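Visitor: Please show me the structure, and let us then go through its backbone, its ligand and its internal space in turn.

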Amino acid sequence: MPGIVVIGAQWGDEGKGKATDQLADRVDFTVRYSGGNNAGHTLVVNGQKYALHLLPSGILNRNSTPVIGNGVVIDLDVLAEEIDGLGARGVDTAKLLISANAHIIAPYHKTIDKVTERFLGKRKIGTTGRGVGPAYAEKIHRVGIRIQDLLDESILRQKVEAALDQKNQVLVKVYNQRAIDPREVADRLLAHADRIRPMIADVARVLNDALDGGQVVLFEGAQAHHLDVDHGTYPYVTSSNPIAAGACIGSGVGPTRIDRTVGIMKAYTTRVGEGPFPTELHDADGERLRSEGAEFGTTTGRPRRCGWFDALVVEAAVSANALTDVFLTKLDILSGWKQIPVCVGYDVNGKRTNRLPMTQTEFHHATPVYEVMEGWAEDISGCRTFDELPKSCQRYVRRLEELVGTQLSGIGVGPGREQVVMLHDLL
Ligand code: IMP
């Protein structure tokens, strides 16, 4: 079973590393296919903590080739920083492959990200400010700069100039900013060329050849289903396609290559940035989830909004991604609650529904309908089999599985790699 995609089934930060860790020794290629350094991935390997934003987590696995697909947008300064940081700690990054077609986040994209957010005022998206949206916008406008442009200095300079011709007009006249010098930008990008050149590859070909040879390719989602620009809570989304289908577009493999799609769901719900979140708690319970779950962004440090598990949110991801499995994380954080509400439906303007509403307006008007489950007092972080979990905890888990409608394969019961209860193998 060689092609497997792991995605977030909520609004991100579900702890995708937990599931990918279970596969680590058996994976030949680990591929990032969407997003940029707006993502944050904290990994604990051999007692050492690593925070990755752009590189796939497979970079820490000697047996796996890490790959950045065409669907990713790359800030070259951040890439260099991550490579240097890992190098200083003895991690070999020489095998890294980067798609020639991946787009570059140029310094002006970050400027535009920040000024447009400021301009939106209370309608802001709450972006990470990393220039991700503006870089994708230029890709769609067909004025983006790609990794392969680093191989041709004259083309790169022309493209930066063309992009800034129009951008500078907007920056100066609309946003009251200083114009950006295209020469400076091109010099800054080209400074990375020698180092990046050996990593540039025809990633689609490499991955298809690997799959033909029966090798295992893990496509590592960033962000999550409900932050997808097409399927998420638009406009409060990221600018790419983190859904499972995005793995095909963002790396160049066909849909029939994907054999398994695993959705990661946290035992409660969080989101960063703006946008609808029906089960959000604005009280002491929300505060408790945030502090016990250490719910602060890996990338921006922002406090995450917290609330109860919303089965409608995950069920929609199960359906639209044809998830073969779900993997439940951070269940240990719920230990000690007497009662745990689970959202099983919404009331939208007096009408009850058990499916996510079709329109943004309805989503904003949705109030959750809860089923209250019995909690458990025991510390479950030492449990390694399902039977070791307290009975009421087992009932909570099985109810979530039933509500979301697909097989539950694993449960995270603590931050450590080994703190997991596996119900079904992921490969
Ligand atoms: P952007 O991706 O920086 O444009 O931000 C758009 C929205 O996606 C904002 O609400 C961000 O908080 C959210 N977002 C982006 N990346 C992540 C992530 O890795 N985890 C959670 N939320 C994210």
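Guide: A residue is called buried under 20% relative accessible area, exposed over 50%, and partly exposed in between. Please bear in mind that this is a predicted model.

Visitor: With those limits, which class does Lys330 belong to: buried, exposed or partly exposed?

Guide: Lys330 is located in the loop that joins strand E15 (325-329) to strand E16 (339-348). Its relative accessibility is 23%. Because buried requires a value under 20% and exposed one over 50%, Lys330 is partly exposed.

Visitor: What is the phi of Lys330?

Guide: Most residues other than glycine have a negative phi. Lys330 is not a glycine, yet its phi is positive, near 60 degrees.

Visitor: Which peptide bond is cis, with omega near 5 degrees?

Guide: Most peptide bonds are trans. The bond in question leads into Pro235, a residue of the loop between strand E10 (217-220) and helix H9 (246-249). With omega near 5 degrees, the cis bond is the one from Tyr234 to Pro235.

Visitor: Where is Asp13 found?

Guide: Asp13 has a positive phi, near 60 degrees, although it is not glycine. Its relative accessible area of 24% makes Asp13 partly exposed. Its place in the chain is the loop between strand E1 (3-8) and helix H1 (16-23).

Visitor: What is the distance from the side chain of Asp13 to a nitrogen atom of the ligand?

Guide: The ligand is surrounded by 15 residues, and Asp13 is among the closest, together with Asn38, Thr128, Thr238 and Arg302. A polar contact requires N or O atoms within 3.5 Å. An N or O atom of the Asp13 side chain meets that limit, its distance from the ligand nitrogen being 3.3 Å.

Visitor: How much of the accessible area of the ligand does the protein cover?

Guide: Oxygen atoms of the ligand also have polar partners: a backbone N or O atom of Gly126 at 3.4 Å, and a polar side-chain atom of Thr238 at 2.6 Å. On its own the ligand has 470 Å² of accessible area, and the share covered by the protein is 96%.

Visitor: Which helices each supply at least two residues of the lining of the largest cavity?

Guide: The whole structure has 1 cavity of 30 Å³ or more, and the largest cavity holds about 50 Å³ of space. Its lining includes Leu76, Asp77, Pro107, Lys110, Arg188 and Leu189, and divides into 5 nonpolar, 1 polar and 4 charged residues. The helices asked for are H2 (76-88), H3 (107-120) and H6 (182-190).

Terms used. Residues are numbered from 1 along each chain as its sequence is written. This is a predicted model: local features need pLDDT of at least 70, side-chain atom pairs count only at pLDDT 80 or more; totals for chains, interfaces and linings use all residues. Side-chain values use heavy atoms; hydrogens and water are left out. Helices (H or I, at least four residues) and strands (E, at least two) are DSSP runs, numbered from the N terminus. Buried means under 20% relative accessible area, exposed over 50%, partly exposed in between (1.4 Å probe, protein chains only). A residue is near a molecule or strand if one of its heavy atoms lies within 4 Å of it. A polar contact is a pair of N or O atoms within 3.5 Å; within protein, one must be able to donate a hydrogen and the other to accept it, and residues adjacent in sequence count only if both atoms are side-chain atoms. Accessible areas come from the Shrake-Rupley method with a 1.4 Å probe; for residues, only the protein chains shown count as cover. On a 1 Å grid over the protein atoms alone, a cavity is a set of points where a 1.4 Å probe fits but cannot get out, and a pocket is an open set with protein on both sides within 12 Å along at least five of seven lines; lining residues have an atom within 4 Å of a point. Grid points are joined across faces, edges and corners, and a volume is the space filled by probe spheres set on the points. Ala, Val, Leu, Ile, Met, Phe, Trp, Tyr, Cys and Pro count as nonpolar, Asp, Glu, Lys and Arg as charged, and the others, Gly among them, as polar.
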